[in-house]
Amino acid sequence: MIDLRSDTVTRPSAEMLAAMTSAPLGDDVYGEDPTVNELEETVAGLLGHEAGLFTVTGSLANMLGVRALVPRGGEVLCEANAHIVRAELGAHAAASGVTTRTWSAPGGQIDLEQIRALIAADLGPYFVRTSAVSVENTHNFGGGAIQHGYDALADELDARDIPLHLDGARLWNASVASGVPVAAYASRAAAASVCLSKGLGAPVGSVLVGSTELIREARVWRKRLGGGWRQAGVLAAAGLYAVAHNVERLASDHANARAIAEVLADAAPGSVKPDQVETNIVVADLASTGRTVAEVVASAKEAGVLVGGVGATQLRIVTHLDASAEDCRTAATVLARLVS
C-alpha cells in the first residue's frame, strides 16, 4: 500500500530506532530524564523561547498552551477550520472551559480586518473578553497553506496586550517552504506547539514552548490531565533525531505534493490549483467530477493507494518521508484515472 492519508503514518528509520534504544533515560515526572530535557531545551531554543514541554500529542500541547493563556470562561479567536476547533473533540471547552469565536477565510488565512471586528475588549459583565488569538501554520484543512500577514497580526495583538497562540504542528513545513526561520514565527507567540510525529517522522510527540513560568504551569496541568510519563526519553530521542536529520528533506515532500496536484489538475480541471499547493498537503474538490470522496477512497484502496477525505467532496492527499517520488507518481496516476 502507498499510504498518503497523513504524514502521521511514518515508521521510524533504522537510524532513529538506534537513537531510541541507546538514549539515556530517567523519570520525566521527576524531571530526571536527560533525553527529554535535552529535547525540550533544544526545541525551545530553536523556536526562540525560554522553555519547552514534551507532550504525547499536538492536541495536548495545544490544549495546555491555550489553557495557559485563556482563563476559564474566556475566549480564543481562531479560523473556522482550525485544528483546535475542528479536530480536537471540543477539548478546550470540555476540559478547560474555553469558548471560541471564528473568522473564515480561504486556506484558513489570517484576515486582520475580520479579527479586529471579532476582538472583544472588556465590555463589562455581560460580554466575554477575548483572551487570545490562535493561528495554525501550516493550516491543515486549508490544504497545508502557509499563513500570511502573521507579523501584522502579532503587532496588532501586542498593541492590544492580547497573547498569540501558534498551532505549529507543521511549522517546519512552513519554514522550509517560505524560507522564514521557525523562530521568526514562534517567537512572536506567547505559546507555540510543534509536532515531531508528522513531517519529521518521529513515532510520537509534540513540544509546547513558552516562557519558563508558562511551561511550569503547563507541566502541572499535563500531569493533572494524566499526561505525565516516565522513561519518555525513548520517544524524545526519536524527536531529537527528527529535528537534527529530517527538516530540510521536507522540501522533497512539498515537490511530491505539487507533482500530484499537477496530475490531478490535468485529469479533473478545477479540482485543485497546483500553484496553491505550498507544502505537503493536497486537497482536491471532486464536486465537478461526478465521483464522491467515499467512492474514490474505496477505489483507490483497491488499487493500492490510501487517501482520505476532509469533507463531502474534498479529497486529501498528504506526502511524507515514507512515500518516495515514485510512490507519489504511482498514486497520482491511480487517482487521476479515478477522478477523470
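This briefing walks through the sheet, one helix residue, and the cavity and pocket of the structure above. The model is a predicted one. Its sheet is open and built from 7 strands, with mixed pairing. Strand E6 is a good place to start, since 5 of its 5 residues are buried. There is also 1 cavity of 30 Å³ or more, plus a largest pocket of about 520 Å³.

**The sheet as a whole**

- Reading across the sheet, the strand order is E2-E8-E7-E6-E5-E3-E4.
- Strands E2 (51-55) and E4 (99-103) sit at the edges, and each has a single partner strand, so one side of each has no neighbour in the sheet.
- On average, neighbouring strands here are turned by 20° against each other, ignoring direction.
- As a reminder, strands of a sheet pair through backbone hydrogen bonds, either parallel or antiparallel.

**Strand E6 and its burial**

- E6 covers residues 164-168, and 5 of the 5 are buried, so the strand is largely enclosed by the rest of the structure.
- In a regular strand, side chains alternate between the two faces of the sheet.
- For E6, both faces are covered: Leu164, Leu166 and Gly168 are buried on one side, while His165 and Asp167 are buried on the other.

**Who pairs with whom**

- On one flank, E6 pairs with E5 in the parallel sense, over 4 bridges.
- Getting from E5 to E6, the chain passes through helix H7 (residues 150-160), and this β-α-β crossover is right-handed.
- Within the E5 and E6 pairing, Val135 stands opposite Leu166.
- E6 also pairs in the parallel sense with strand E7 (residues 191-195), again over 4 bridges.
- Leu166 turns up here too, standing opposite Ala192 in E7.
- Moving along to E3 (residues 75-79), this strand pairs with E5 in the parallel sense over 3 bridges.
- Val76 has Ala132 in E5 as its bridge partner.

**Val243 in helix H11**

- Val243 belongs to helix H11, which spans residues 233-245.
- With a relative accessible area of 14%, Val243 falls under the 20% cut-off, so this residue counts as buried.
- Val243 and Leu196 are 47 residues apart in sequence, yet their C-alpha atoms are 7.7 Å apart in space.

**The cavity**

- The largest cavity holds about 40 Å³ of space.
- Its lining consists of Glu79, Ala82, Trp103, Gly108, Ile110, Ser134, Val135, Glu136, His139 and Gln147.
- Strand E5 (residues 130-136) gives the most to this lining, with 3 residues.
- Val135 is worth a second look: this residue lines the cavity and also stands opposite Leu166 in E6.
- By class, the cavity lining has 4 nonpolar, 4 polar and 2 charged residues.

**The pocket**

- The largest pocket, at about 520 Å³, is lined by 24 residues.
- Nearest its centre lie Gly107, Gly142, Gly143, Gln276 and Val283.
- Strand E9 (residues 281-285) supplies the largest share of the pocket lining, 4 residues.
- Sorted by class, the pocket lining splits into 9 nonpolar, 9 polar and 6 charged residues.

Methods. Residues numbered from 1 in each chain as written. Predicted model: local features only at pLDDT ≥ 70, side-chain atom pairs only at ≥ 80, totals over all residues. Heavy atoms only, no water. 1 Å grid on protein atoms, 1.4 Å probe; cavity = no way out; pocket = protein on both sides within 12 Å on 5 of 7 lines; lining within 4 Å. Points joined across faces, edges and corners; volume = space filled by probe spheres on them. Helix = DSSP H or I, 4+ residues; strand = E, 2+ residues; numbered from the N terminus. Nonpolar A, V, L, I, M, F, W, Y, C, P; charged D, E, K, R; others polar. Buried < 20%, exposed > 50% of the residue type's maximum accessible area, 1.4 Å probe, protein only. Pairing = 2+ DSSP bridges. Right-handed = clockwise from strand over helix to strand, strands pointing away. Axes fitted to C-alpha atoms, helices over the stretch in contact; angles between N-to-C directions.
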